[in-house]
Amino acid sequence: MRKMKQFWHNLRAKLHFADTHQRTAFGNILRFFAVMILLTLFARAMANAAVPSVEIAFPSRGIITQTVAVQGSITAAGSVPVGAPMNLTVQNVAVREGEHVEKGQPLATFDVAELTDMLAMQQAENKKLRVEQTQLSAAKPENADTVAGAQQALDWAYADYHAACNLLSVLQAQAVPDAAAVAAAQEKVTQTLRMAQQAEQTRNAAYDAYEAADAAAKSTAQTGAAAANILALQIKEKEQIIATLQALQAADGILAAPLAGTVQSMLLVTGQKTGKIACNLADAAKGQLFLCNLDAENADKAQVGSAITVTQKETTANAKISAVELRADDSALVTVRFETAQWKEGAASAVMTLSEKTYDSTVPASAVHQDNSGIFVYTLETRDTILGAQNLLVRTPVTLLESGKTLAGVTGALSGDTAVVVSANKPLANGARVQAIP
């Protein structure tokens, strides 16, 4: 405004009108044109302010990746139970769940005197088991001597009977048989036959007894074998307990970690008796697993070898899916294996890649619109008007091949130099004038 006033004064100084009316008329004309210029500038500014500003992009070859966010947990790939003798009183627990321990590090301590008493008791019980095992192996089965003796007596009895029969036949065949001798021979035949029949009954009874004894022996042998197996297992268990107690005794009652790892669960409590398991250690050498569930909608898209990014607080790692286990309800259990123990056991999250495909023509996903008439994008067309070159919106139909979170694969009347509207600060319409922001 100050510049315009200065310009006006300079112009009046140069133009020396003699007539006051001329000077006044000329001033009015100048004021009119000044007002018109101001109104034109104001109208143009208002018109430009009403024109939407749009951000544009150009179609290009791109990769559309479909991902899904999941929640899961980190656990050990290998867990090792640490045993302890039962019924020992725990004096002190040296570690807590979740704590990392090195091989040989103390886990807990026990009373040495109680430990020594238990060792003596276990050794005595083991000795008793070994005596029972020795007695069981010394048992002998029945033999067939009784049957053999009865069979031999039967053979002899039948031999006597046949001899008596032969003698009777000879006496009866004489020209003048001796009646007394024949009678005596007949009596001998009857007597030897009776003895042979008794011998046969004795043999049969002995054989029946032998078969019963043999069946009993076989049953006893089977029972004995089963008992021997049970005794062997009991002896082996006792020897393992004794070895553990001896090792604890030599270590002054200190139970040490057998390997380096993380304490998954501590089952010992100070002042209470032990069970068979003292604690469970996650074996650091076997790595860790990330486990998560996928719903039925995405389960069939997960594949072994697909990329996944696992995050737990400040720790993030890229990995590959190791296994996909489909369930009866069409959901899936996804496993990711890490060779090193870099995580803490517990909750973790992940972003899993479900698919990855390359398209020749992609645009930002925000550029694609849909209404009752179909799917389309807005493109820019520059036209010359009385007000100069202007950018106008053109509704351009497209076919949507796939839409991702950031990109969309499309086909249609688009080329690499087609300006596509990505976003706008105001609602858009076909044929509307816009200002392009690259």
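Residues are termed buried under 20% relative accessible area, exposed over 50% and partly exposed in between, with a 1.4 Å probe and protein chains only. The model is predicted, so local features need pLDDT of at least 70 and side-chain atom pairs count only at pLDDT 80 or more, whereas totals for chains, interfaces and linings use all residues. Residues are numbered from 1 along each chain as its sequence is written, and side-chain values use heavy atoms, with hydrogens and water left out.

Cysteine 279 is buried, at a relative accessible area of 1%, and cysteine 292 is buried at 2%. The structure contains 0 disulfides (pairs of cysteine sulfur atoms within 2.5 Å).

The largest nonpolar core (buried Ala, Val, Leu, Ile, Met, Phe, Trp, Tyr and Cys residues joined through side-chain atoms within 4.5 Å) has 24 residues. Leu88, Val101, Leu107, Phe110, Leu255, Leu268 and Leu281 have the most contacts inside this core. At least two core residues come from each of β6 (106-110), α3 (112-138), α5 (179-250), β8 (261-266) and β9 (277-283); helices (H or I, at least four residues) and strands (E, at least two) are DSSP runs numbered from the N terminus. A second, separate core of 22 residues includes Cys292, together with Val70, Ile74 and Ala299.

Four strands form an open, antiparallel sheet in the order β3-β9-β8-β5, where pairing requires at least two DSSP bridges between two strands. β3 (79-83) and β5 (100-101) stand at the edges with a single partner strand each, so one side of each lacks a neighbour in the sheet. β3 pairs with β9 over 5 bridges, and serine 79 has alanine 282 of β9 as its bridge partner.
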